[in-house]
Structures are given as C-alpha cells and as structure tokens.
Amino acid sequence: MSDAINASVLVIDDEELVRDNIEEILVPHKTTAAHQLVNEAADILFSGTKPILENRNTDLPRFTVDKASNGMEGVAKVKATLDAGKPYAVIFLDMRMPGWDGLQTAIEIRKVDTKAEIIFVTAYSDKTIEDIVAQAGQNVGYHCKPYASEEIIQLATKAVNDYSRLRNMEKLIAAISSFSLHAHDLTPLLKNILEQLSAYVGSETALLGRLYEDLTYEKLFAIGPVESRINVEELIKTIQAADIKQEEVRQVKEVIMTRLDHYTIFIITQQQLKTEKIYLLKLFMQNAARAIQNAELYERVMQQEKLSAVGKAIGMVMHDLRGPVGAVKMIVEMMEMEGIQNEWMAPLKKSGNEAMAIFEDYLDFLKDIKAKKQLLALLPLVKEIVQQIQDRRAVAQLQIEVQVQEQLMVNCDESKMKRILANLINNAIDVLVDYKVSNPRVTLRAAKAALNDNVQIEVRDNGPGIAPGIMRTLFEPFVTKHKSYGTGLGLAIVKQFVEAHGGTITVHNDGGAVFLIEL
C-alpha cells in the first residue's frame, strides 16, 4: 500500500500491556536472526512446512503508533500532531481510565479534531453505544476486550482507509469551486460527488435545488425518490424562516442551505443528520454554490464574447440590408398612395415592417447609446405610441387601455422611452395573438411612486403569463418562447434602455404578464 496514506495511530489506554500489544500488532516486524532460527528449526523438524513466523502482509497500511497513558496526555498529543500538520488517522481509546474516562477523552478530542476515526477498545462500559455516538460522533467504532490480533488489524485498516477516502473527498469538494465549466458539464460532477456523500452519511436520497427571490423553486438534480416527497410550501417556509446571511451554510431539519446573490442553494436529505460528518455536506454545499456561480459567470462571459464577435459582423450586415428593405417598404406605401391594389401588398408591407423592426432591434442593442434625458409629459408620448401601434396592427377586439395622469412628468430620453413602451406593448400583443386570447387587453398605467418621487410605469396583459422556465432569463439576449417571430432582443433592449435611465424593470405574473418600470 502507498506510503502516502495517513496511517498514524494513537493508542490511549492506562494499561501499558495493552498499549504495547496494539503497537506490536500494528507495526510490522522485520525478519530477525531469531525469526530465521525458529523457521530453520521448524523446517528440519516438520519437513518443509510453512514458516512459523511470517512477515506482515505488505498490502496493509504502514502503521505508525504513538501511545498515551491517559486522556489528558492523549489530547495533548492530538493537539501537537495537528499543529505539526500530521494528524492521527485512528485513535484506539480505552473506556475506563483514571481521570478522564474514554467518553470524556473523546469529547475533548472532538473539540480539536473532528476527523480522526475513534475506536473504543474496552472490557467494560457504563455507556450505551447510543450515548457514545451522540456525544463522540458517528465516526467511532466499538470493540470489546479480549481481542484477536487480526481484529485489531482489520479495525485499524478499515479506519485508515475511511479516513483517507474522506480526506480525498474533501480535496475534491474544495477543488470544485475553482472549476470553470459550463452548467451542463458541472451538474454531472456535482451529482456524482453528492451520491458519494449521501452513501457515506447513510442517506439513500438527496436533492440539490435552488429557491429564487420570487420564491420559484428549481430542481438541479435528485438522487433517489426524494422529489416526490417534497412539500414545496414547507420548504419555502423553512428557507425563509432561516434568514441566512450571504454565503453562510446552515442546517435546519433535513435542509442544508447557503445564500447567494439572487437565490438560495439547498440540499435535502432523507433525515436530519446529527453527526460531525455533516461538515462534509456543508463543505460540499459551500463549494457547489461557488462552482454554480462560477458556471453562471462563465456562461455570461462566453455569451458576451460571442455577442461581441458576432455582433460586429451582424451589425454591418444589418446596416447594409436596412436600406434595400426600407426601400421595398417605401415602394409599397407609394403604391398604396397611388391607389394600386394587390393581394400581396399587405403581407409584403407587414413583412417589411417586421424586418425593419428586427434591424432596429439589433442595431440599437449593439450601439448601447447613452440616454439623453429631458423633462417630458408622459401622457402625450404614450398616446402617440399607442396610436402608431393601433395603426400598424389591426388585432380584432384588442383593447389598449391607458391610465396616465395628464400632469405626470418624466425625465427621460424621448426616443428610448418610445422604444421601451412600444416593445413592451408589441410583445404583449404578440403573445395575445399567438395564444388566441379572447377579449385581448393591454393596460398601461403610470403614476408617482408612493415612497419617493420616482415614476412607476406598468404594462400588463391578460394573456397566459410568462413561462416559468424563462422568467429569470427573460431580459437576456435571444430569449423567446411561443412567439411566431422575433429576434429575442426586444426585452433585452427594454432592460438596456431602462438601465440607461438609471431605472429598474421587473416582471411577474398576475392574471397575465406584468412588467413594472421604475424611473
């Protein structure tokens, strides 16, 4: 077995005979002249039998053994080896000793070292195994005297291997926060690690998920049938009641959670874990959260790089195409003015308008021009936009309701504000038409905010609302769903323009989609 494995053993027992015996069992004997003489004599007497004194199996760990005659001395040795960076992997501990008994010694050891494997070896105990586990943790073993040599070897070997496996798992968990991976590459890695951790802590089921600020629950992945047993309402209450701080890791009942910028990451296990081994799950939780943040940042950086490279090329193409398409649109309008009628003119004009809107969306998004603000009356601007939309889009039974005070003023860039409102209203109309909503209605309200002098503008419709799967990415470029046409840039431009004004925009569902702008 590799010398790299930590096979350091401490024996704490008030009986010198026991301490020396365990050391003799664990530390391999080298072949000496006395061994050789005994084996030669056996060979003569018994005609070539196997050696009476054999060397230790080389596949076993190369144990090193320290000894202490009482609990206080043992704890001092544990502290000293930790300070030296050479901790014990296994501690053999007698239960009945003068001064600190075995359980008190284990409790004191756990104050400085929660990772060492402790094995009680005793003939008598006043404590039940449940008491021992409750106070000394579940990574303890228990063996009764008298013992056989092979039993001690097996106990020590298993404990050393368990200790080594957990330290390796710790290193892997700690490393995942430094990975730069796509989300689809990170998820299988996290799931594999969580499967190993769940098996280690004795949980057959586990779930990793997140809860957003709008209380939307999202499963990242599950192990076993735990998801079918989740009460989402109770989960939300548990996380809200915890009120954890940024990057704090906390366990509440069966939930381990940590708080990030815009959501809470959590693990659900099948039981509440009352053991120091919970630190591994907490360590996983902390580093998995960082890895997920890194993956999100990586995706954003990659998207920006793609947008930058592709945007330059597309911008040139769009700029060149806008002229010819605009000319086609103008020719159709001139034909209409001349009274020329043709069944293809209406769809041709509609296609021209849509193409021009696409060009404008792309070019405006790529330019990211700063807002040139001035104080304007909002109602005339809104009426102008609504009239233009109604002239261009004949939607049966569509109602566009405007609720804006006549005296309401807003400090804004007129061009950008028109695009903001036009995009939101047109987006709502697209959804109402595509879903064939009966009695389609778009409502635009604006008023002073109740707590400050900001202006709040609300655009709502009576459609199906925003699909849960895209609610949080709705304002990102190229996000669209269930629309017959569109660039996926309309709402990204809205957000860009709102933020250019120093404002905010949010969205939620309430009998349809509701967009709320505050400037």
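Select N294 first: setting aside neighbours within four places in sequence, this residue is in contact with S177, S178 and F179. The coordinates belong to a predicted model, and the tour should be read accordingly. N294 is part of helix α9, which covers residues 278-337. Colour the residue by accessibility next: with a relative accessible area of 27%, N294 is partly exposed. Then add A183 to the selection. The C-alpha atoms of A183 and N294 are separated by 9.2 Å, although the two residues are 111 residues apart along the chain.

**Strand β1 and its two partners**

Move to residues 8-12, which form strand β1. Is this strand mostly covered or mostly open? Five of its five residues are buried, so that β1 is mostly covered under the cut-off of 20% relative accessible area. Display the side chains to see the two faces: S8, L10 and I12 point one way, whereas V9 and V11 point the other way, and all are buried.

Now show residues 64-68, strand β2, which pairs with β1 in the parallel sense over five bridges. To locate one of the residue pairs, select L10 together with D66, its bridge partner in β2. Strand β3, residues 90-93, also runs parallel to β1, and four bridges join the two. Here the pair to select is V11 with F92, its bridge partner in β3.

**Helices α1 and α6**

Select residues 16-26 for helix α1 and residues 149-176 for helix α6; their axes come within 9 Å and cross at roughly 70 degrees. The two helices, α1 and α6, are therefore roughly perpendicular to each other. Which residues make the contact? On the α1 side they are I22, I25 and L26, and on the α6 side S149, I152, I153 and A156. By class, the residues of this contact comprise six nonpolar, one polar and no charged.

**The five-stranded sheet**

Turn next to the open sheet whose five strands follow the order β12-β14-β15-β17-β16, with mixed pairing. At its edges lie β12 (399-404) and β16 (504-509), each of which pairs on one side only. Neighbouring strands of the sheet are turned against each other by 15 degrees on average, direction ignored.

Starting from β12, select β14 (residues 441-448): the two strands pair in the parallel sense over six bridges. Within this pairing, I400 has V442 of β14 as its bridge partner.

Add helix α11, residues 378-392, which lies across β12, β14 and β15 (455-461) and runs at about 175 degrees to β12. Then add helix α13, residues 490-500, which packs on the sheet and touches β16 and β17 (513-518). The direction of α13 makes about 140 degrees with that of β16.

**The aromatic pair**

The final stop is the one aromatic pair in the count. Select F475 and F515: their ring centres are 6.2 Å apart and their planes stand at 80 degrees, so the pair is edge-to-face. Where do the two residues lie? F475 is in the loop between β15 and α13, while F515 is in strand β17, so the pair ties together parts that are 40 residues apart in sequence. Finally, compare their accessibility. F475 counts as buried at 15% relative accessibility, and F515 counts as buried at 4%.

Note on methods: Residues numbered from 1 in each chain as written. Heavy atoms only, no water. Pairing = 2+ DSSP bridges. Axes fitted to C-alpha atoms, helices over the stretch in contact; angles between N-to-C directions. Contact = heavy atoms within 4.5 Å. Parallel < 35°, antiparallel > 145°, perpendicular 65-115°, else oblique. Nonpolar A, V, L, I, M, F, W, Y, C, P; charged D, E, K, R; others polar. Phe/Tyr/Trp six-rings, centres within 6.5 Å; stacked < 30°, edge-to-face > 60°. Buried < 20%, exposed > 50% of the residue type's maximum accessible area, 1.4 Å probe, protein only.
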